[in-house]
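Let's take a walk through this fold together, one neighbourhood at a time. Have the sequence and the 3D view open, and stop wherever you like.

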Amino acid sequence: MLNVDFPEQPKFDTLPEMNHVEGAAAFLSIQEGCDKFCHFCVVPYTRGSEYSRPVKDVLKDARRLIELGVKEITLLGQNVNAYHGESPDAASKEWSLGRLIQEIAEFDAFEIIRYITSHPRDVTQDLIDAHRDVKKLAPYLHLPVQSGSNRILKAMNRKHDRDFYFKLIDQFREARPDIAFSSDFIVGFPGEDDRDHADTLDLIRRVHYAQAYSFKYSRRPGTPASASEFQVDEGVKGERLAELQALLDEQKMAFNQKCVGQEMGVLFERKARHEG
Ligand code: SF4
């Protein structure tokens with residue numbers, strides 16, 4: 001167990017520091033911290049337990065962003081779809097992320113809505129439904145999986161297996177057929193062998209990602225995985241990462257190629273440095 005002082009519960013004022021406004025696009029922080037305790041991650045220790053901002057505060061900040069000319073809003077949280085903010089009305093005690101997205105979409109000024117970062121275990125039916133019903137919600141989902149091996153997912157304490165993840169992907173695709181997926185991958189987690197790595201490649205082939213972030217496992221002091229005696233050789237990690245990234249690059253290229261010739265809306269975030 002780590003001996004780390006948890007930070008105080010975050011105190012959000014209007015437009016907290018994490019909000020970042022640049023031209024027509026802005027981030028709005030709605031949630032902080034995490035209770036998942038994945039065995040490679042320091043967030044639950046460094047950022048404390050999961051906390052959701054009350055809906056009324058989020059909506060107040062959203063109005064301020066509109067005054068600043070924001071058209072694209074990204075709802076931000078370390079585990080954003082665990083959001084359960086205090087309800088502004090008597091009809092319910094808390095609002096989920098799906099409910100909040102529906103409300104944010106009611107603001108005419110916002111043209112594009114995004115959210116990041118999600119955990120598969122916290123996906124709710126109303127979030128899937130929002131991808132079907134809220135046209136302003138970008139057809140994009142960053143849904144980290146980290147590994148395609150059930151054995152490694154268990155060792156990581158991810159609280160889901162590959163079939164659970166595939167089912168979610170299918171549900172999102174059914175709700176929004178043009179949705180583009182992104183993910184995070186860690187290669188060389190302690191104990192990962194060639195079969196586990198092959199399972200991760202297989203998962204990638206089955207999902208088809210538009211883009212992804214991938215890393216070699218590196219020890220985070222104090223986390224359970226850093227103490228494992230089954231650390232993977234750095235050379236092996238490098239080979240696996242190269243193989244995985246080559247596959248992801250192929251998929252990214254295929255996604256980009258599919259977009260050629262399509263007509264899409266474009267949001268100009270700010271003026272260019274040069275006239276014209
Ligand atoms: S990886 Fe994500 S879900 Fe897991 S402990 Fe870290 S912040 Fe939480």
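Asn157 sits in the loop between helix 5 and helix 6. Bear in mind as you look that this is a predicted model. Asn157 is not a glycine, yet its phi is positive, at about 65°. Is this residue buried, exposed or partly exposed? With a relative accessible area of 24%, Asn157 is partly exposed, because burial requires a value under 20%.

Another non-glycine residue with a positive phi is Gln146, where the angle is near 75°. You will find Gln146 in the loop that runs between strand 9 and helix 5, the latter spanning residues 150–155. Gln146 has a relative accessibility of 7%, so it counts as buried.

From Gln146 you can step across to Ile186, since Gln146 is among the residues that Ile186 touches. Ile186 belongs to strand 10 and is buried, at 12% relative accessibility. Setting aside residues up to four places away in sequence, the other contacts of Ile186 are Phe40, Met156, Glu192, Phe215 and Tyr217. Chain distance and spatial distance can be set side by side here: Ile186 and Pro144 are 42 residues apart in sequence, while their C-alpha atoms lie 9.9 Å apart.

Strand 10 covers residues 180–187 and also holds Ser182. Ser182 has a relative accessibility of 0%, so it counts as buried. Which residues does Ser182 touch, not counting those up to four places away in sequence? One run of its contacts is Tyr140, Leu141, His142 and Leu143, and the others are Tyr209, Gln211, Ala212 and Tyr213.

Some of those names come back when you move to Ser118. Leaving aside neighbours within four places in sequence, Ser118 is in contact with Leu141, His142, Leu143 and Pro144, and also with Asn79, Val80 and Asn81. Ser118 is buried, with a relative accessible area of 4%, and its place is the loop between strand 8 (112–116) and helix 4. Thr117 is found in that loop too, between strand 8 and helix 4. Look closely at the backbone here: the peptide bond leading from Ile116 to Thr117 is cis, with omega near 10°.

Follow the chain onward into helix 4. The buried residues of this helix are Leu127, Ile128, Ala130 and His131. They span an arc of only 150° around the axis, so they lie on the same side of helix 4. The general geometry is helpful here: an α-helix has 3.6 residues a turn, so residues three or four places apart point the same way. What covers the buried residues of helix 4? The cover includes helix 3 (97–105), strand 8, strand 9 (140–142) and helix 6.

The packing of helix 4 on helix 6 can be described further. Helix 4 spans residues 125–133 and helix 6 spans residues 162–175; their axes are 7 Å apart and form an angle of about 35°. On the helix 4 side, the residues that meet helix 6 are Gln125, Leu127, Ile128, His131 and Arg132, and their partners in helix 6 are Gln171, Phe172 and Ala175. Sorted by class, this contact has 4 nonpolar, 3 polar and 1 charged residues.

Now for the nonpolar interior. In soluble globular proteins, nonpolar side chains tend to be buried together. The largest nonpolar core here has 51 residues, and those touching the most other members are Leu75, Leu100, Ile101, Ile104, Tyr115 and Tyr209. Helix 6 gives the most to this core, with 6 residues. Apart from this core lies another, of 8 residues, among them Cys38, Phe40, Tyr217 and Ala225. For a closer look at the largest core, take Ile104: leaving aside neighbours within four places in sequence, it is in contact with Val58, Leu59, Ala62, Ile73, Leu75, Phe110 and Ile113.

Our last stop is Arg53, in the loop between strand 4 (51–52) and helix 2 (55–67). Is Arg53 buried or exposed? Its relative accessibility is 1%, so Arg53 counts as buried. What does its side chain meet there? A polar contact of 3.0 Å joins it to the side chain of Asp61. A polar atom of the Arg53 side chain also lies 3.0 Å from the backbone oxygen of Ser29. Finally, Glu32 is 21 residues from Arg53 along the chain, with 8.5 Å between their C-alpha atoms.

Technical notes:
Residues are numbered from 1 along each chain as its sequence is written. This is a predicted model: local features need pLDDT of at least 70, side-chain atom pairs count only at pLDDT 80 or more; totals for chains, interfaces and linings use all residues. Side-chain values use heavy atoms; hydrogens and water are left out. Axes are lines fitted to C-alpha atoms, for helices over the stretch in contact, and angles run from 0 to 180 degrees between N-to-C directions. Helices (H or I, at least four residues) and strands (E, at least two) are DSSP runs, numbered from the N terminus. Contact means heavy atoms within 4.5 Å. Ala, Val, Leu, Ile, Met, Phe, Trp, Tyr, Cys and Pro count as nonpolar, Asp, Glu, Lys and Arg as charged, and the others, Gly among them, as polar. Buried means under 20% relative accessible area, exposed over 50%, partly exposed in between (1.4 Å probe, protein chains only). The arc is that of the directions from the helix axis to the C-beta atoms. A nonpolar core is a set of buried Ala, Val, Leu, Ile, Met, Phe, Trp, Tyr and Cys residues joined through side-chain atoms within 4.5 Å. A polar contact is a pair of N or O atoms within 3.5 Å; within protein, one must be able to donate a hydrogen and the other to accept it, and residues adjacent in sequence count only if both atoms are side-chain atoms.
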